[in-house]
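Hello,

I'm passing on a structure that you haven't worked with yet. Please have it open while you read, and then go through my notes below.

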Amino acid sequence: MLNIRRNVIFSFIEISTNTLLTFISYRLVLRLGGFELLGIWSALLAWIGLSRLGDFGLGGAATRFVAALDVRSDRERICRYIDTAIISNAVLISALTFLSYLAVSHWLVLAVGAANVAVAQPALPWLMAAVIATNLCLIITSSLFSLHLGYIRSIIMISGNVLQLGLVVWLVPRYGLPGFAGAQIIQYSFAGVVAWIAICVQLGKLRLPFAFRWVVLREMLNVSMMLQAANIANGLFEPLSKVMVSHFGGMQMQGLFEAAYKTVWTARNISSNTATAVIPAITRYVQTDIPAAQRLYFQTRRNIVVSMALILGGVVVASPVISLLWFKALNVRFVEFVALLAIGCAFGGWCTPAYNLGQATGKLKGVVITMVASDVLLLAGGLGFGLAGMPFMIVVATTAGMILTSVMVIRFNEPLIGLRGASFGGLFGARAR
């Protein structure tokens with residue numbers, strides 16, 4: 001049973017609770033230390049989060065393999081794929097995050113500026129632990145997702161969001177950024193444990209993930225290396241933009257950019273996550289029923305284009321009100337950032353179904369080329385504008401990179417399921433060959 005409808009509905013509820021969590025958490029940080037404190041958090045997270053670029057994409061590879069299997073007849077194979085992915089990622093991400101922590105500790109002045117070292121230093125070890133806990137939780141919950149149980153994953157994450165909401169209200173006013181990180185550690189540890197129990201129930205027995213197999217790792221690496229190349233290029237975009245904004249614009253601008261980025265991105269995710277929720281189903285279809293894959297793709301794209309226009313348009317219109325709620329004042333620069341990022345995210349959301357086709361089919365060459373091109377554009381534009389003393393234009397370069405990515409991904413990926421895109425990436429109706 002593919003559970004498409006339930007997965008989409010609960011994915012929507014999950015991102016809605018996450019939106020509420022983000023608003024309250026950031027409001028507490030802003031009340032505690034203003035834009036500078038939020039900027040410090042964002043800059044540290046961007047630098048340490050670069051460690052995620054070194055994992056081998058085994059979570060996505062496991063999804064591709066597991067989603068195509070039937071739990072009733074392929075239980076042992078599923079266990080081997082899931083356990084191998086979890087153990088490999090746990091070891092690698094923990095090591096890489098620790099190395100990132102050591103590097104950021106050594107060059108902390110470069111990351112946040114000399115004036116902010118005293119605030120950033122105590123938060124670093126907690127933030128490192130939060131990044132590790134987050135990544136371990138995500139690999140476990142992605143395994144649950146690959147079993148076509150995305151709605152259960154969403155229920156678990158919703159519960160975790162409610163838990164973190166209570167924790168940030170209690171911890172952030174008392175302990176600042178270490179308290180914020182501590183709330184995330186507890187949330188993701190809880191969600192990871194509960195998700196693993198749900199996986200065990202689905203597979204018929206309570207056990208630990210010890211079914212690691214080298215031969216399975218090699219099999220998944222054949223897919224995951226290209227997937228990871230795409231993940232690296234894609235995952236580099238956000239921290240690269242934030243690192244350049246913080247370096248050239250300072251912590252106050254970075255705080256504003258982080259607030260705008262989260263505002264737009266969480267709104268975007270309300271729509272785009274419904275497309276992500278159908279990845280296991282479309283993975284099954286591309287191997288068994290191409291016409292069904294095409295129909296699901298068209299339906300997903302149609303829904304996301306309409307909802308993205310309504311949601312992001314509403315965010316832009318409401319941005320002055322959001323500014324008043326968050327900052328207790330109308331911040332024009334925040335409104336400008338929201339408008340620019342909303343344009344980029346609208347294009348990004350539109351291409352999400354096409355992007356997911358790369359993971360579903362295992363054919364990611366076009367995605368890799370696209371993401372590298374957008375990173376190069378952002379780096380060149382960001383450095384040029386930053387060195388010219390125009391940090392605001394780095395946000396413009398970020399939006400331009402998002403638009404380039406979207407158009408190119410659709411042109412590359414729609415043919416993977418036998419579609420021939422119309423002009424401008426098939427926006428007005430790709431058709432079957």
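Here is what turned up, starting with charged pairs and moving on to the helices.

Please keep in mind that this is a predicted model.

**Salt bridges**

As background, side chains of opposite charge can pair when their charged atoms come close. Across the whole structure, the search gives 5 salt bridges. I'll take you through some of them.

A good place to begin is glutamate 238, which pairs with lysine 242; their closest N and O atoms are 2.6 Å apart. Both residues sit in helix α8 (residues 214-276), and because they are 4 residues apart there, about one helical turn separates them. How exposed are the two partners? Glutamate 238 has a relative accessibility of 29%, so it counts as partly exposed. Lysine 242, in contrast, is buried, with a relative accessible area of 5%.

Lysine 242 has another partner too: a salt bridge links its side chain to that of glutamate 258, at 2.7 Å from N to O. Here both lysine 242 and glutamate 258 are buried.

Next comes arginine 301, which forms a salt bridge with glutamate 414, with 2.8 Å between the closest N and O atoms. Arginine 301 belongs to helix α10 (residues 290-327), while glutamate 414 is in the loop between α13 (392-413) and β1 (419-420), so this pair ties together parts that are 113 residues apart in sequence. Are these two residues buried or exposed? Arginine 301 is buried, and glutamate 414 is buried as well.

Looking at shared partners, Glu238, Lys242 and Glu258 are joined by their salt bridges into one network.

**Helices α6 and α7**

Do have a look at helix α6 (residues 150-175), which has a kink of about 35 degrees centred on valine 168. Just after α6 comes glycine 176, with a positive phi of about 70 degrees.

How do α6 and α7 pack? Their axes are 8 Å apart, at an angle of about 160 degrees. The two helices are therefore roughly antiparallel to each other, and α6 passes α7 in a right-handed crossing. The residues of this contact divide into 20 nonpolar and 8 polar, with no charged ones.

One residue to find in helix α7 (residues 177-203) is isoleucine 186. At 39% relative accessibility, isoleucine 186 counts as partly exposed. The C-alpha atom of isoleucine 186 is 9.8 Å from that of threonine 134, although the two residues are 52 residues apart along the chain.

**Helices α9, α10 and α11**

Helix α11 (residues 332-361) and α10 have axes that come within 9 Å and cross at roughly 160 degrees. That angle makes α10 roughly antiparallel to α11, and the crossing is right-handed. What kinds of residues make up the contact of α10 with α11? They divide into 22 nonpolar, 5 polar and 1 charged.

Helix α9 (residues 279-288) also packs with α11, at an angle of about 55 degrees and with the axes 9 Å apart. In this case α9 is oblique to α11. The crossing of α9 and α11 is right-handed.

If you would like a starting point in the viewer, try lysine 242, which forms salt bridges with glutamate 238 and with glutamate 258. After that, you could turn to the kink in α6, centred on valine 168.

Happy exploring, and do write back with any questions!

Best wishes

Definitions and conventions: Residues numbered from 1 in each chain as written. Predicted model: local features only at pLDDT ≥ 70, side-chain atom pairs only at ≥ 80, totals over all residues. Heavy atoms only, no water. Salt bridge = Lys/Arg side-chain N within 4 Å of Asp/Glu carboxyl O. Buried < 20%, exposed > 50% of the residue type's maximum accessible area, 1.4 Å probe, protein only. Bend = angle between axes of the 7 residues up to and from the residue. Axes fitted to C-alpha atoms, helices over the stretch in contact; angles between N-to-C directions. Parallel < 35°, antiparallel > 145°, perpendicular 65-115°, else oblique. Left-handed = near helix turned anticlockwise from the far one by under 90°. Nonpolar A, V, L, I, M, F, W, Y, C, P; charged D, E, K, R; others polar.
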